[in-house]
Amino acid sequence: MAFRFVHTADIHLDSPLRSLSLRNPELAELIGDATRQALVRIVDLCLEERVDALIIAGDLYDGDQTSMKTARFLATQMQRLHEANINVFKIRGNHDALSRITQELVLPPSVKVFSGRAESVELNAGNHTVVIHGLSFAKPQAPESLLPKYKPAVSGAINIGIMHTSLAGAPGHDLYAPCSVGELHASGFHYWALGHIHQRTHHAGERTVIMPGMPQGRDINEAGEKSVTLVTVQDDGSLTIEERLTSIAQFSRIDVDVSGLTEWTDLAEHISSTLERERTRTLSSHLVA
Ligand SMILES: [Mn+2]
């Protein structure tokens with residue numbers, strides 16, 4: 001029997017709205033609710049695909065402004081997974097480490113939140129033993145690599161590591177728990193479920209190392225479709241990786257070439273047909289252009 005899981009990170013629930021969306025109340029409402037709706041989609045996907053586990057690789061929350069309403073919303077979503085016998089494995093990222101309210105949140109027993117000391121959980125998955133390794137940010141900063149703190153890979157088992165890291169550094173992201181992709185490939189773990197960098201990257205190499213990116217963008221600088229990873233550990237131990245769309249609304253900067261146009265009506269027509277074309281290509285339910 002195959003072992004299947006969904007891997008996500010950087011949901012940033014309750015992220016404050018930035019300038020663009022505030023100018024239009026309808027847009028503010030759509031974007032303000034989109035990160036929550038993306039989490040609902042992720043839970044829906046877990047239920048539809050009857051996965052064994054959901055992995056959240058940090059920054060589920062955005063910071064210390066997390067409301068009680070969000071805490072309740074989250075508990076409801078986790079309960080849906082609990083009732084379907086789907087385990088949740090979660091680590092805290094740099095943003096979660098700021099959140100106070102959520103540290104007191106009571107979640108179903110099927111939700112495992114890894115502590116600031118490395119731990120591993122063994123699961124019996126038919127043909128295989130699957131070992132899930134995790135380590136949370138204890139503080140909002142982590143200037144050194146966390147990799148040496150993880151427990152060694154269990155031989156004969158499928159080892160999955162969950163880590164919040166900026167890797168060797170990415171534009172727009174401060175350095176957190178730095179480590180190289182090469183070190184992860186050489187660690188003996190079969191799959192690294194990463195989080196922190198908001199852009200999806202599948203780091204090719206000997207093992208499977210995936211930064212899924214955020215499941216829902218929050219402004220024009222987080223443009224494009226957003227997704228999660230659906231992983232199947234096959235009976236022969238090989239991994240099948242699928243990317244699944246989760247964004248409710250996607251942002252896009254659209255250039256309109258108006259050279260040669262001299263009439264206002266032509267201009268309006270041209271802009272509208274360009275937007276129309278872009279809309280047809282958009283896979284998310286909404287396009288914010
Ligand atoms: Mn982060």
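The following conversation discusses the helix contact, the sheet, the pockets and the cavity of a predicted model.

Student: What should I know about the model before we start?
Tutor: It is predicted, so local features need pLDDT of at least 70 and side-chain atom pairs count only at pLDDT 80 or more, while totals for chains, interfaces and linings use all residues. Residues are numbered from 1 along each chain as its sequence is written, and side-chain values use heavy atoms, with hydrogens and water left out.

Student: At what angle do α2 and α3 cross?
Tutor: Helix α2 (residues 25-48) and helix α3 (residues 68-83) cross at roughly 10 degrees, and their axes come within 10 Å. Axes are lines fitted to C-alpha atoms, for helices over the stretch in contact, with angles from 0 to 180 degrees between N-to-C directions. Helices (H or I, at least four residues) and strands (E, at least two) are DSSP runs numbered from the N terminus.

Student: Which residues of α2 and α3 make the contact?
Tutor: Among them are Leu39, Val43 and Leu47 of α2 and Phe73, Leu74 and Leu81 of α3, where contact means heavy atoms within 4.5 Å. By class, this contact has 8 nonpolar, 2 polar and 4 charged residues. Ala, Val, Leu, Ile, Met, Phe, Trp, Tyr, Cys and Pro count as nonpolar, Asp, Glu, Lys and Arg as charged, and the others, Gly among them, as polar.

Student: Changing topic, what is the strand order in the open sheet?
Tutor: The 6 strands follow the order β5-β6-β7-β8-β10-β9, with mixed pairing; two strands pair if DSSP finds at least two bridges between them. The strands β7 (residues 158-164) and β8 (residues 191-195) run parallel and are joined by 5 bridges. Gly161 has Trp192 in β8 as its bridge partner.

Student: Which residues are closest to the centre of the largest pocket?
Tutor: They are Gly172, His173, His198, Arg218 and Glu222, out of 19 lining residues. The volume of this pocket is about 310 Å³, and its lining has 2 nonpolar, 9 polar and 8 charged residues. On a 1 Å grid over the protein atoms alone, a cavity is a set of points where a 1.4 Å probe fits but cannot get out, and a pocket is an open set with protein on both sides within 12 Å along at least five of seven lines; lining residues have an atom within 4 Å of a point. Grid points are joined across faces, edges and corners, and a volume is the space filled by probe spheres set on the points.

Student: What lines the largest cavity?
Tutor: Its lining includes Asp14, Ile31 and Arg218, and its volume is about 60 Å³.
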